[in-house]
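Visitor: I should like to learn how to read the features of a protein model, one after another. May we work through an example together?

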Amino acid sequence: MRVYLDNAATTPLDPEITKEMIKVMETTYGNPSSIHAHGREARTVIEKSRKTIANLLGTSPAEIFFTSSGTEADNMAIRCGIIDHNITHAITSCIEHHAVIHTFEALEKAGVIKLSFVNVDAKGNIDYDHLETLLKENERSFVSIMHANNEIGTLSDMERVGDLCEAYNAIYHCDTVQTMGHYKHDLSKLKAHFVVCSAHKLHGPKGVGFLHISHRIKIKPLIYGGAQERNMRGGTENIYGIVGLAKALELAYAEMEQHQEHIQGLKSYMRDQLIESIPGIAFNGETDADKSLYTVLNVQFPEMEMADMLLFSLDIAGISASGGSACSSGTDIGSHVLTAIGSSATRPSVRFSFSKYTTKEEIDYTIAKVRELCPVNA
């Protein structure tokens, strides 16, 4: 049996999206920047997709800019938001995705900014009082706090962060890669200046995403070249990927409630079964439904011999998951997220992440195999 439980890394392409993309591949091959009929047809396809996305998110098509990935969108927001607005101080958390942290670190190393890290607790929750203190002490900061952590699933309060940023005249960037298409976002009400999406996290194609840039802020391009994306991103648009992204978000919104109920049920079931059958089992991050991304369960196993072989053993058993452990020394290449929340460096952790295609039979099979691998069974 093959079981795929690494959906936070990427999701399988929905067959309906594949069909939609193939249809466009077979009929629409003009360059969207060309003024002839074939080019205009391609341009129409892109703008229709942009409008679909904007309507679902409660924003204007003029605020949606297509990119190659969530990583590019993060870089565009952070680099351009900071440099174009002469920002000298940035605030983030130590559990952000590397696309965010490494971008900030590069800017700090270049002497562009001073970087501050907001405190997080042992579950990965943001210390909002500390965030406010940092904002008070540093006028006009750039703030980047993700909506849901990709490793442990803990959610941040986007409205609260937005309110704080507004109160202290800060620029707010939110990486929503893990939650776009899994929660409903009304960008007309959200006080974020930048919001990010990557299609392959919601059963769309790889190689395409978007950056939402609020009308309240203006930036220059990160990538120069042509006049694509209203002069904001040079390079011929990925027409087929854009169509797939729009269809993915459309399907996600249409099916969101039933999928959320299905996936949350599987996550809760797996958590309860692991607690019942494996003494000493623990979880990294929040697991309560109102505080945690329902697609992610990060499990901390008891200490065991050959702990570094756990993922390999799961793979041999036919189970695809991801994880690791906290760094135990400065030379270890471990999880920066688990290290930041103080997770044990001697206990292996595995991130199981679910999708609409995950079944109870797959969870039961995984639990059975995990029991076999653990040193002590109930």
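Visitor: How are α5 and α6 oriented relative to each other, roughly parallel or roughly antiparallel?

Guide: Please bear in mind that this is a predicted model. To judge orientation, one takes the angle between the helix directions, and an angle under 35 degrees counts as roughly parallel. Helix α5 (residues 128–137) and α6 cross at roughly 20°, and their axes come within 10 Å. Therefore α5 and α6 are roughly parallel to each other. The crossing in which α5 passes α6 is right-handed.

Visitor: Which residues in α5 meet α6?

Guide: From α5 come Tyr128, Asp129, Leu131, Glu132 and Leu135, and they meet Arg160, Val161, Leu164 and Cys165 in α6. Sorted by class, the contact of α5 with α6 has six nonpolar, no polar and three charged residues.

Visitor: How does one read the arrangement of the strands, and in what order do the seven strands stand in the sheet?

Guide: One follows the pairing from strand to strand. Here the sheet is open, its order is β2-β8-β7-β6-β5-β3-β4, and the pairing is mixed. Because β2 (64–67) and β4 (114–118) stand at the edges with a single partner strand each, one side of each is left without a neighbour in the sheet. From one strand to the next, the twist averages 20°.

Visitor: How many bridges join strand β5 to strand β6?

Guide: Three bridges join β5 (residues 142–144) to β6 (residues 171–175), and the two strands run parallel. Within this pairing, Val143 stands opposite Tyr172 in β6.

Visitor: Which strands does helix α3 touch as it packs on the sheet?

Guide: Helix α3 (residues 70–84) touches β2, β3 (89–93), β5, β6, β7 (194–198) and β8 (209–213), and its direction makes about 160° with that of β7. Helix α6 (residues 158–167) also packs on the sheet, where it touches β5 and β6; the direction of α6 makes about 160° with that of β6.

Visitor: At what angle do helix α2 and helix α8 pack?

Guide: Helix α2 (residues 37–57) and helix α8 (residues 239–277) pack at about 25°, with their axes 9 Å apart. These two helices are therefore roughly parallel to each other, and their crossing is left-handed. Among the contact residues are Ala42, Val45, Ile46 and Ser49 of α2, together with Ile239, Ile242, Val243 and Leu245 of α8. The contact of α2 with α8 comprises 13 nonpolar, two polar and one charged residues.

Visitor: How is helix α1 placed with respect to α8, roughly parallel or roughly antiparallel?

Guide: For this reading, an angle over 145 degrees counts as roughly antiparallel. The axes of helix α1 (residues 15–27) and α8 cross at roughly 150° and come within 9 Å, so α1 is roughly antiparallel to α8. The crossing of α1 and α8 is right-handed. Including Glu16, Ile17 and Glu20 of α1 and Tyr240, Gly241 and Lys247 of α8, the contact divides into nine nonpolar, two polar and three charged residues.

Visitor: How should I approach charged pairs, and how many salt bridges does a search of the whole structure find?

Guide: Side chains of opposite charge can pair when their charged atoms come close. The search of the whole structure finds 16 salt bridges. Arg50 forms a salt bridge with Glu229, and their closest N and O atoms are 2.8 Å apart. This pair links distant parts of the chain, since Arg50 lies in helix α2 and Glu229 in helix α7 (residues 228–231), 179 residues apart.

Methods: Residues numbered from 1 in each chain as written. Predicted model: local features only at pLDDT ≥ 70, side-chain atom pairs only at ≥ 80, totals over all residues. Heavy atoms only, no water. Pairing = 2+ DSSP bridges. Helix = DSSP H or I, 4+ residues; strand = E, 2+ residues; numbered from the N terminus. Axes fitted to C-alpha atoms, helices over the stretch in contact; angles between N-to-C directions. Contact = heavy atoms within 4.5 Å. Parallel < 35°, antiparallel > 145°, perpendicular 65-115°, else oblique. Left-handed = near helix turned anticlockwise from the far one by under 90°. Nonpolar A, V, L, I, M, F, W, Y, C, P; charged D, E, K, R; others polar. Salt bridge = Lys/Arg side-chain N within 4 Å of Asp/Glu carboxyl O.
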